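Let's take a walk through this protein together, one piece at a time. Have the sequence and the 3D view ready to turn as you read.

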Amino acid sequence: MEPITVEELKNRLKKERTVRVNDLIFRIRRAPILLLADENEDLWALARQDKEALSGRIKDLIANPTLPRMKRVLLAGVASPRLAFQDDENTVCVDHILAHHELAAGLFIEIVNF
């Protein structure tokens, strides 16, 4: 029995999907669930404590996203067009997306649901 190769693992983990938000097409990918938590929050302690407690806290975090949380999820979850902290030739500043609440909220929901 051989271990999985780097290329095979990357292909399995690289799950992406195309979505339409506000008549714009984006390619999104899964974002790590830990991006939903703030630095002072210990989701691991909740996970060890009780599955329902963790599930309830994650639902709360999704239902009441803060600006930093939305920014982290959008930066990690939007594969195309690429988002970044600042504009340049190949990226769009994430703050431009966040300035359009409907677009930002729609993308956030698509990513966390994916």
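Is Lys-71 buried, partly exposed or exposed? With a relative accessible area of 21%, Lys-71 is partly exposed. That places Lys-71 just on the other side of the cut-off, because buried means under 20% relative accessible area. Before going further, keep in mind that you're looking at a predicted model.

So what does Lys-71 do with its side chain? Lys-71 forms a salt bridge with Asp-95, and the closest N and O atoms of the pair are 3.0 Å apart. Lys-71 sits in helix α4 (residues 67-77) and Asp-95 in helix α5 (residues 94-98), so this salt bridge ties together parts of the chain that are 24 residues apart in sequence. Asp-95 is partly exposed too, at 36% relative accessibility.

Stay with helix α4 for a moment. Its buried residues are Arg-69, Met-70, Val-73, Leu-74, Leu-75 and Gly-77. Here a bit of helix geometry helps. An α-helix has 3.6 residues a turn, so residues three or four places apart point the same way. Now look at what lies over the buried residues of α4: the cover includes the strands β2, β3 and β4 (83-84), along with the helices α3 (51-63), α5 and α6.

Some of those strands belong to a sheet, which is the next stop. Three strands make up this open sheet, in the order β1-β2-β3, and their pairing is antiparallel. At the edges you'll find β1 (16-21) and β3 (78-80), each of which pairs on one side only. Neighbouring strands in the sheet are turned against each other by 45° on average, if you ignore direction.

Start with the pair β1 and β2, which are joined by six bridges. Together they form a hairpin with two residues between the strands, and in that turn Asn-22 has a positive phi of about 55°. On the other side, two bridges join β2 (residues 24-29) to β3, again running antiparallel. Over there, Ile-28 stands opposite Val-78 in β3.

Arg-27 is a good residue to follow across the sheet. Thr-18 has Arg-27 in β2 as its bridge partner, while Arg-27 in turn has Ser-80 in β3 as a bridge partner. The side chain of Arg-27 is busy as well: it meets the side chain of Glu-16 in a salt bridge (2.5 Å, N to O). Since Arg-27 lies in strand β2 and Glu-16 in strand β1, the pair ties together parts that are 11 residues apart in sequence. Both ends count as partly exposed, with Arg-27 at 35% relative accessibility and Glu-16 at 28%.

What lies across the sheet strands? Helix α6 (residues 101-113) lies across β1, β2 and β3, and runs at about 35° to β2. A salt bridge also connects this helix to the sheet: Arg-17 pairs with Glu-110, with the closest N and O atoms 3.0 Å apart. Arg-17 is in strand β1 and Glu-110 in helix α6, so the link spans distant parts of the chain, 93 residues apart. Arg-17 is partly exposed at a relative accessible area of 33%, and Glu-110 counts as partly exposed at 24%. How many salt bridges does a search of the whole structure find? The search finds three.

Finally, head back towards the start of the chain. Ile-4 sits in the segment before α1 (6-13). Ile-4 is partly exposed, with a relative accessible area of 40%. That matters for what comes next, because a residue needs over 30% relative accessible area to be part of a patch. Together with Leu-9 and Leu-13, Ile-4 forms a nonpolar patch on the surface, and the three have about 280 Å² of accessible area together.

How values were computed. Residues are numbered from 1 along each chain as its sequence is written. This is a predicted model: local features need pLDDT of at least 70, side-chain atom pairs count only at pLDDT 80 or more; totals for chains, interfaces and linings use all residues. Side-chain values use heavy atoms; hydrogens and water are left out. Patches are made of residues with over 30% relative accessible area and no salt bridge: like charges are joined within 9 Å, nonpolar side chains (Val, Leu, Ile, Met, Phe, Trp, Tyr) within 5 Å. Accessible areas come from the Shrake-Rupley method with a 1.4 Å probe; for residues, only the protein chains shown count as cover. A salt bridge is a side-chain nitrogen of Lys or Arg within 4 Å of a carboxyl oxygen of Asp or Glu. Helices (H or I, at least four residues) and strands (E, at least two) are DSSP runs, numbered from the N terminus. Buried means under 20% relative accessible area, exposed over 50%, partly exposed in between (1.4 Å probe, protein chains only). Two strands pair if DSSP finds at least two bridges between them. Axes are lines fitted to C-alpha atoms, for helices over the stretch in contact, and angles run from 0 to 180 degrees between N-to-C directions. Contact means heavy atoms within 4.5 Å.
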